[in-house]
Amino acid sequence: MPLSNPIFRRISRIVDARGIQAFVVGGYVRDHYLHRPSTDIDVVVVGSGIEVAEALGRELHTRVSVFKTFGTAMLRAGGIEVEFVGARKESYSHDSRKPQVEEGTIEDDQRRRDFTINALAWSLNGDTFGQLVDPFYGMEDLEDCIIRTPCDPDITFSDDPLRMMRAVRFASQLGFTIEEETFDAIARNAERIKIVSKERIITELNKIVLSPVPSIGFELLEMTGLLALIFPEMHRLKGVEKRGKHAHKDNFVHTLKVLDNVARNSDDLWLRWAAVMHDIAKPLTKAYDPKVGWTFHGHEVFGSKMVPQIFRQLKLPLNEHMKFVQKMVFLHLRPIILSEDMVTDSAVRRLLFEAGDDVESLMTLCEADITSGIDAKVKRFLANFQLVRRKMKDLEERDRIRNFQPPITGEIIMETYDIRPCRIIGDIKEAIKNAILDGDIPNDYDAAYALMERLAAREGLVKRS
């Protein structure tokens, strides 16, 4: 039963006693029919939602948060969150997302909703309890897997341009199709996205990135013209250039394949963002060589340098998540190069050292990056990646390389030879680190100390007496 939770009967008694109407509207209703779990309930009251919320709070002996500016109130009970609002109708000025609001009927309230599938309502009144109220045929759209606006989509999207992002997000999350006139209206109104704050846009974009098949969302963003406005660096990946016999692959299409591959293996938002950005610098590094064709030399280096700028621009966090994406972009070619060449212990040690605890994420990204249509090539790469993984496991168990710090520090060198900070100290530390990574000496203090002594002697350093 959709309204089996006892809280709905409590609300029903409260509104019936006051002689007013109340309805459960939106996502909770939609998700019931989609068999998706939902703990957020929106209740629309034809009257004062705040009064009903406060009455329910008194019955349940629970705190009610009231937001008088917005005419809403919210309480939590039994692991669910219930938000109350009065039924309203809205009108907008051209340069703002903030509506002018006045009281309205339940149909007025449903009409102002973004999509028909989010305008479904269940009555909470005793005589019609549980009855579906669906004036805009949202159930038909739900059954047909269609995203459509309740009224003129040009008005819907011009009034609140964030709804264009939400249309794409729902299509991506649910695997739905955006109805043709609704889709065309997004393309016509795409420029209106400029009045929406980047913080609101990135909330929707993150949900697209976390979709089961995120490529659906990015393809729609590109087709409607939104991507060029909100994320131009990704838009620039699109397209193929030909010269003579040479043509490079469409890096936008490739990126989406990599993103979907990662999404099949990881729910990590930041690893998915690394997939989005792994080839982001290819347009900047593209060059043509008549002998070999198109090249993108150094795109991993330039791409890693672009990551902070893009995070800042999109209002993504400039913290360890950004550094993780930056590291993934910088290193994403390393395992592929290893899989093409002889897998040496030295190269694997260096990979372990640079990737640290993120090495598994890096391998997931690199395996996702193999998008060739030639099955034999894919199988060869993936088999070589398994060899890289086995080497990493063996070397990690033997040499403890991951996140290691060379046993000899700068302080030890300065104290041993009674010298102040200088270039020689850095050179000795670097040589010791490389000797361990190359397997020339074991990763232990005695071997590192002996090498320090040899290097210091060459530099003419004398131990303090």
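# Notebook: a look through a predicted chain

**Entry 1. The whole chain.** I began with the secondary structure, and I counted 24 helices and 15 strands in the chain. I noted at once that this is a predicted model. Next I looked up the radius of gyration. The chain has 30 Å, whereas a compact globule of 465 residues would have a value near 23 Å. I then boxed the C-alpha atoms along the principal axes. The box came to roughly 95 × 65 × 40 Å.

**Entry 2. Surface and charge.** I checked how much of the chain is covered. Of its 465 residues, 50% count as buried. The chain exposes about 22900 Å². Carbon and sulfur atoms supply 50% of that area. I also looked at charges. There are 65 positive and 71 negative ones, and their mean positions are 4 Å apart.

**Entry 3. Contacts along the sequence.** I took the contacts with a separation of 6 or more. Residues 24 or more positions apart account for 66% of them.

**Entry 4. The cores.** Which residues have the most contacts inside the largest nonpolar core? I found Phe218, Trp273 and Met277. That core has 131 residues. I picked Phe218 and listed what it touches, leaving out residues up to four places away in sequence. The list holds Leu205, Ile208, Val209, Leu227, Met234, Phe252, Leu256, Leu259 and Val276. Apart from the largest core lies another, of 7 residues. Among them are Phe23, Val25, Ile106 and Ala121. I wrote a general reminder beside this entry: in soluble globular proteins, nonpolar side chains tend to be buried together.

**Entry 5. Isoleucine 193.** I went to the loop between α8 (180–189) and α9 (198–209), where isoleucine 193 lies. Is isoleucine 193 buried or exposed? It counts as buried, because its relative accessibility is 2% and the cut-off for buried is under 20%. I then looked for its contacts beyond four places in sequence. Isoleucine 193 is in contact with Pro161, Leu162, Met164, Met165, Ile201, Leu226, Leu229 and Ile230. I followed up one of these, proline 161. The two residues are 32 apart along the chain, yet their C-alpha atoms are separated by 5.3 Å.

**Entry 6. Glycine 303.** I found glycine 303 in helix α16 (residues 299–314). Its relative accessible area is 0%, so glycine 303 is buried. Beyond four places in sequence, glycine 303 touches Ile280, Ala281 and Val329. I also took a distance to arginine 420, which is 117 residues away along the chain. The C-alpha atoms of this pair are separated by 38 Å.

**Entry 7. Two polar residues under cover.** Threonine 156 came up in helix α6 (residues 153–159). It is buried, with a relative accessible area of 3%. Setting aside neighbours within four places, I found threonine 156 in contact with Asp114, Thr149, Cys151 and Arg163. I turned next to asparagine 251, in helix α13 (residues 251–265). Asparagine 251 is buried too, at 4% relative accessible area. With the four-place neighbours left aside, its contacts are Leu237, Gly239, Asp279, Lys282 and Phe296.

**Entry 8. Glutamate 107.** I placed glutamate 107 in helix α4 (residues 106–111). Its relative accessible area is 36%, so I logged glutamate 107 as partly exposed. Glutamate 107 touches Pro135 and Phe136, not counting residues up to four places away. I compared its place with that of histidine 32, 75 residues away along the chain. Their C-alpha atoms are separated by 21 Å.

**Entry 9. Positive phi.** What is the phi of histidine 61? I read a positive value of about 55°, although histidine 61 is not a glycine. This residue is found in the loop between α3 (49–60) and β3 (65–67). Histidine 61 is exposed, with a relative accessible area of 74%. I then checked tyrosine 137. Its phi is near 60°, again a positive value in a residue other than glycine. Tyrosine 137 lies in the loop between β9 (132–133) and α5 (138–144). I logged tyrosine 137 as exposed, because its relative accessible area is 54% and exposed means over 50%.

Technical notes. Residues numbered from 1 in each chain as written. Predicted model: local features only at pLDDT ≥ 70, side-chain atom pairs only at ≥ 80, totals over all residues. Heavy atoms only, no water. Helix = DSSP H or I, 4+ residues; strand = E, 2+ residues; numbered from the N terminus. Rg over C-alpha atoms; globule rule 2.2 N^0.38 Å. Buried < 20%, exposed > 50% of the residue type's maximum accessible area, 1.4 Å probe, protein only. Contact = heavy atoms within 4.5 Å. Areas by Shrake-Rupley, 256 points an atom, 1.4 Å probe, with all protein chains shown as cover. Lys, Arg positive; Asp, Glu negative; His and termini not counted. Charge placed at Lys NZ, Arg CZ, Asp CG, Glu CD. Core = buried A, V, L, I, M, F, W, Y, C linked by side-chain atoms within 4.5 Å.
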